[in-house]
Amino acid sequence: METPWDWITVFVFAGLATLLLQRSTEEQPRDELWQYLPAAGGCAVANYAGNEGYHLVAGALVVAVVAYIVIVLKVKLPRF
């Protein structure tokens, strides 16, 4: 955990893992396990890109991962 990209992607991934664990306890799961793979892979690629100095690419990937989580996995974001 040396760069900001490490922290950002770990936080996004931790939220994704928490969502998976929470939803896997439901009697009738809303989504399939494979639907979490693109978001998890996106976190890994964003972290790699950020650590290699491609900050715009990494930022775009993090935004895309969060958008995927909201749109495909249908997570409601808190309103401030």
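Here are some exercises with worked solutions on a predicted model of a protein chain.

**Exercise 1. The overall layout**

Task: Work out how many helices and strands the protein chain has, and which pattern they follow.

Solution: Start with the secondary structure, where you will find 3 helices and 0 strands. Next, walk along the sequence, and the pattern reads α-α-α. Then turn to the extent of the C-alpha trace, which spans about 45 × 25 × 20 Å along its principal axes. Finally, take the contacts between residues at least 6 apart in sequence: 63% of these join residues at least 24 apart.

**Exercise 2. Inside and outside**

Task: Find what percentage of the residues in the protein chain is buried, and what share of the exposed area carbon and sulfur atoms supply.

Solution: Begin with the interior: of the 80 residues in the protein chain, 28% are buried. Now for the surface, where the protein chain exposes about 5900 Å². Carbon and sulfur atoms supply 68% of that area.

**Exercise 3. The nonpolar cores**

Task: Identify the residues of the largest nonpolar core, and say which helix gives the largest share.

Solution: First collect the members, 9 residues in all: Val12, Leu16, Leu19, Tyr36, Ala39, Cys43, Val65, Ile69 and Leu73. Then assign them to elements: helix 1 (4-24), helix 2 and helix 3 (55-71) each give two or more residues to this core. The largest share, 3 residues, comes from helix 1. There is also a second, separate core of 5 residues, among them Trp5, Ala46, Ala58 and Val62. As background, nonpolar side chains in soluble globular proteins tend to be buried together.

To look closely at one member of the largest core, pick valine 65. Beyond residues up to four places away in sequence, valine 65 touches Val12, Ala39, Gly42 and Cys43.

**Exercise 4. A nonpolar patch on the surface**

Task: Locate the nonpolar surface patch that contains Phe11, and decide whether phenylalanine 11 counts as buried or exposed.

Solution: The patch is formed by Met1, Trp7, Val10 and Phe11. Together these residues have about 450 Å² of accessible area. Phenylalanine 11 lies in helix 1. Its relative accessibility is 58%, so phenylalanine 11 counts as exposed, the cut-off being over 50%.

**Exercise 5. Two salt bridges**

Task: Find the salt bridges in the structure and describe how buried or exposed their residues are.

Solution: The structure holds 2 salt bridges, so let us take them in turn.

- Aspartate 31 pairs with arginine 23, with 2.6 Å between the closest N and O atoms. Both aspartate 31 and arginine 23 are buried.
- Glutamate 26 pairs with arginine 30 through their side chains, at 2.8 Å from N to O. Glutamate 26 is partly exposed because its relative accessibility is 24%. Arginine 30, at 57%, is exposed.

**Exercise 6. Two buried polar residues**

Task: Explain why asparagine 47 and glutamine 35 count as buried, and find their polar contacts.

Solution: Take asparagine 47 first, which sits in helix 2 (residues 37-51). Its relative accessibility is 19%, so asparagine 47 counts as buried; the cut-off is under 20%. The side chain of asparagine 47 makes a polar contact with the side chain of aspartate 6, at 3.4 Å. If you set aside neighbours within four places in sequence, asparagine 47 is in contact with Trp5, Asp6 and Thr9.

Now move to glutamine 35, in the loop between helix 1 and helix 2. Glutamine 35 is buried because its relative accessible area is 16%. A polar atom of the side chain of glutamine 35 lies 2.8 Å from the backbone nitrogen of glutamate 32. Not counting residues up to four places away in sequence, glutamine 35 touches Tyr68, Val72 and Leu73.

**Exercise 7. Two alanines**

Task: Place alanine 14 and alanine 40 in their helices, and classify how accessible each one is.

Solution: Alanine 14 belongs to helix 1, and its relative accessible area of 36% makes it partly exposed. From alanine 14 to leucine 37, 23 residues along the chain, the C-alpha atoms are separated by 14 Å.

Alanine 40 is found in helix 2. With a relative accessible area of 22%, alanine 40 is partly exposed. Leaving out residues up to four places away in sequence, alanine 40 touches Phe13 and Leu16. Alanine 58 is 18 residues from alanine 40 in sequence and 14 Å away in space, C-alpha to C-alpha.

Definitions and conventions. Residues are numbered from 1 along each chain as its sequence is written. This is a predicted model: local features need pLDDT of at least 70, side-chain atom pairs count only at pLDDT 80 or more; totals for chains, interfaces and linings use all residues. Side-chain values use heavy atoms; hydrogens and water are left out. Helices (H or I, at least four residues) and strands (E, at least two) are DSSP runs, numbered from the N terminus. Buried means under 20% relative accessible area, exposed over 50%, partly exposed in between (1.4 Å probe, protein chains only). A polar contact is a pair of N or O atoms within 3.5 Å; within protein, one must be able to donate a hydrogen and the other to accept it, and residues adjacent in sequence count only if both atoms are side-chain atoms. Contact means heavy atoms within 4.5 Å. A nonpolar core is a set of buried Ala, Val, Leu, Ile, Met, Phe, Trp, Tyr and Cys residues joined through side-chain atoms within 4.5 Å. Patches are made of residues with over 30% relative accessible area and no salt bridge: like charges are joined within 9 Å, nonpolar side chains (Val, Leu, Ile, Met, Phe, Trp, Tyr) within 5 Å. Accessible areas come from the Shrake-Rupley method with a 1.4 Å probe; for residues, only the protein chains shown count as cover. A salt bridge is a side-chain nitrogen of Lys or Arg within 4 Å of a carboxyl oxygen of Asp or Glu.
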